[in-house]
Each structure stands twice: as structure tokens, then as C-alpha cells.
Amino acid sequence: METLVVDHPLVAHKLTTLRNKDTDSSTFRRLADELVTLLAYEATRGVRVATVDIVTPVSPTQGVRLTDPQPLIVPILRAGLGMLDGMIRLMPTAEVGFLGMVRNEETLEATTYAERLPADLSGRQCYVVDPMLATGGTLAAAIDFLVARGADDITAVTLLAAPEGIEVLEKALEGVDAPVRLVTAALDEKLNEKGYIVPGLGDAGDRLYGVAN
């Protein structure tokens with residue numbers, strides 16, 4: 001698995017405000033959206049394109065367009081929804097699928113409770129978005145789900161990642177033939193005993209949408 005930690009001063013600046021416990025939800029949502037657009041720029045460097053002939057106001061020329069089938073953006077519910085607009089802004093013709101996954105707080109294992117995806121993902125480039133790569137179980141399960149449906153190129157986009165999560169993900173991908181990339185804004189220090197990233201930014205879903213009762 002290829003891992004890219006995006007080293008850019010604007011990324012670091014926005015991430016600093018996201019980490020701050022005093023940042024309110026509306027500001028958190030706006031900055032997360034802006035940060036994802038910056039990450040998406042790097043994440044989509046390998047997006048598939050085809051040459052097309054066009055005519056400018058001056059002369060004929062050649063350009064490129066995204067190939068068919070269009071890329072598929074897959075936010076992991078619910079926190080991944082906060083990253084969706086930032087991805088679509090850069091790829092407005094991309095299609096969107098959804099994966100509902102929940103992590104057992106005792107076993108730290110992820111299970112799928114809902115999905116809205118094409119039955120056949122053969123030939124599709126997929127972009128999985130989830131704010132945190134913490135224990136790695138959720139993202140590993142999501143990638144396994146997409147590969148089982150035929151996805152042949154997967155990029156995961158996260159705001160933060162922990163070393164333990166990357167290690168788990170790499171081990172889970174040992175038998176996967178499809179190339180997988182991870183693009184993240186920062187690689188943090190570690191996980192705590194509850195499976196939260198340190199220093200992290202807390203529960204991304206709660207900070208985006210409030211605490212669910």
C-alpha cells in the first residue's frame with residue numbers, strides 16, 4: 001500500500017483548527033470540507049483520463065476527460081459524509097455510493113449495517129472517504145467489500161491516520177491484487193487505550209454533526 005502524507009502549509013493550518021477542542025461544529029464542517037478538497041487534489045493524481053478532440057475559439061486541439069465508468073466516491077457513514085462535498089467539488093461527474101459501517105467499541109471490529117453501491121464495480125476507480133484511520137478495521141472492511149465487488153483501484157482519503165491503523169490495513173491487504181493508496185493530512189503519534197488517535201481531533205462524527213443519542 002502506498003501512503004501519502006500531504007505536506008502543505010494550508011493543510012497543516014486547517015488541520016490545526018480542526019484539532020482545537022474549542023472549534024465549533026459549523027467551523028469544523030467548513031474547514032473539513034476545505035481540507036478534503038486539498039487532499040482530493042493529491043488523491044486524484046492517478047484518476048483515469050482519455051484524450052478528446054475539441055475546438056477552442058481559436059483552433060482545434062486535444063484535451064482529456066475522465067474515462068467511463070466514472071470514478072466512484074464512497075463515504076463511510078456517518079462521518080464520511082462530511083468529506084463528500086470536498087471530493088465532489090473536484091470530480092463533479094463522479095458517482096457516489098455509501099457504506100454504513102459501525103465499530104464495536106469493545107472488540108474494535110467493524111461490521112456493515114447498510115450499503116448503497118453498484119453490484120458490479122469491475123473497472124471502477126473507488127475513492128473511500130472516512131475522517132480517521134484509527135484501528136484500521138473499518139477501512140480494511142470497506143476496501144474488502146469494494147474489492148469483492150470488482151473494484152480494481154482504490155484510494156482511501158482520511159484527515160488523520162495512526163501507525164497502528166496503517167499496520168493493520170497493510171496486513172489486511174496482503175492478499176488483495178488491486179492497488180490501494182492512502183492519502184492523509186497527518187500521521188499522528190499513536191492510539192490510546194480506547195482506540196482513539198492521539199493527539200487526534202476527537203470523534204469526527206460528533207464534531208461534525210453533534211453527539212447522537
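## Worked exercises on a predicted chain

The chain has a mean pLDDT of 91, and 95% of its residues reach 70 or more; pLDDT is the predictor's confidence in each residue, from 0 to 100. This is a predicted model, where local features need pLDDT of at least 70, side-chain atom pairs count only at pLDDT 80 or more, and totals for chains, interfaces and linings use all residues. Residues are numbered from 1 along each chain as its sequence is written, and side-chain values use heavy atoms, with hydrogens and water left out.

**Exercise 1. Find where in the chain confidence is lowest and where it is highest.**

Step 1: Start with the low end, which is strand β7 (residues 110-116), at a mean of 81.
Step 2: The high end is β12, at 97. Helices (H or I, at least four residues) and strands (E, at least two) are DSSP runs, numbered from the N terminus.
Step 3: Keep a reading rule in mind: where pLDDT is low, the predicted coordinates should not be read in detail.

**Exercise 2. Describe the cover and the pairing of strand β10 (residues 153-158).**

Step 1: Look at cover. Six of the six residues of β10 are buried, meaning under 20% relative accessible area, with exposed over 50% and partly exposed in between (1.4 Å probe, protein chains only).
Step 2: Sort the side chains by direction. D153, T155 and V157 point one way, while I154, A156 and T158 point the other way.
Step 3: Find the partners; two strands pair if DSSP finds at least two bridges between them. Strand β8 (residues 125-129) runs parallel to β10 and is joined to it by five bridges, with Q125 bridging to D153.
Step 4: Now take strand β12 (residues 180-184), also parallel to β10 and joined to it by five bridges. Here T158 has T184 as its bridge partner.

**Exercise 3. Work out how helix α1 (residues 9-19) packs on helix α2 (residues 25-43), and place K14 in the picture.**

Step 1: Take the geometry. The axes of α1 and α2 are 10 Å apart, at an angle of about 155 degrees. Axes are lines fitted to C-alpha atoms, for helices over the stretch in contact, and angles run from 0 to 180 degrees between N-to-C directions.
Step 2: Name the arrangement. α1 is therefore roughly antiparallel to α2 (under 35 degrees counts as roughly parallel, over 145 as roughly antiparallel, 65 to 115 as roughly perpendicular and the rest as oblique).
Step 3: Zoom in on K14, which sits in α1 and counts as buried at 14% relative accessibility. Beyond residues up to four places away in sequence, K14 touches L31, E34, L35 and L38, where contact means heavy atoms within 4.5 Å.

**Exercise 4. Repeat the packing analysis for helix α4 (residues 137-148) and helix α5 (residues 163-172), then examine L146.**

Step 1: The axes of α4 and α5 come within 9 Å and cross at roughly 25 degrees, so α4 is roughly parallel to α5.
Step 2: List the meeting residues: G137, L139, A140 and I143 in α4 against V168, L169 and A172 in α5.
Step 3: Turn to L146, also placed in α4 and buried at 0% relative accessibility. Not counting residues up to four places away in sequence, its contacts are V74, L117, L121, C126, V128, A151 and I154.

**Exercise 5. Locate M1 and its spatial neighbours.**

Step 1: M1 lies in the segment before β1 (2-5) and is partly exposed, with a relative accessible area of 34%.
Step 2: Compare sequence with space. M1 and R181 are 180 residues apart along the chain, yet their C-alpha atoms are separated by 5.6 Å.
Step 3: Leaving aside neighbours within four places in sequence, the contacts of M1 include I166, L169, V180 and R181.
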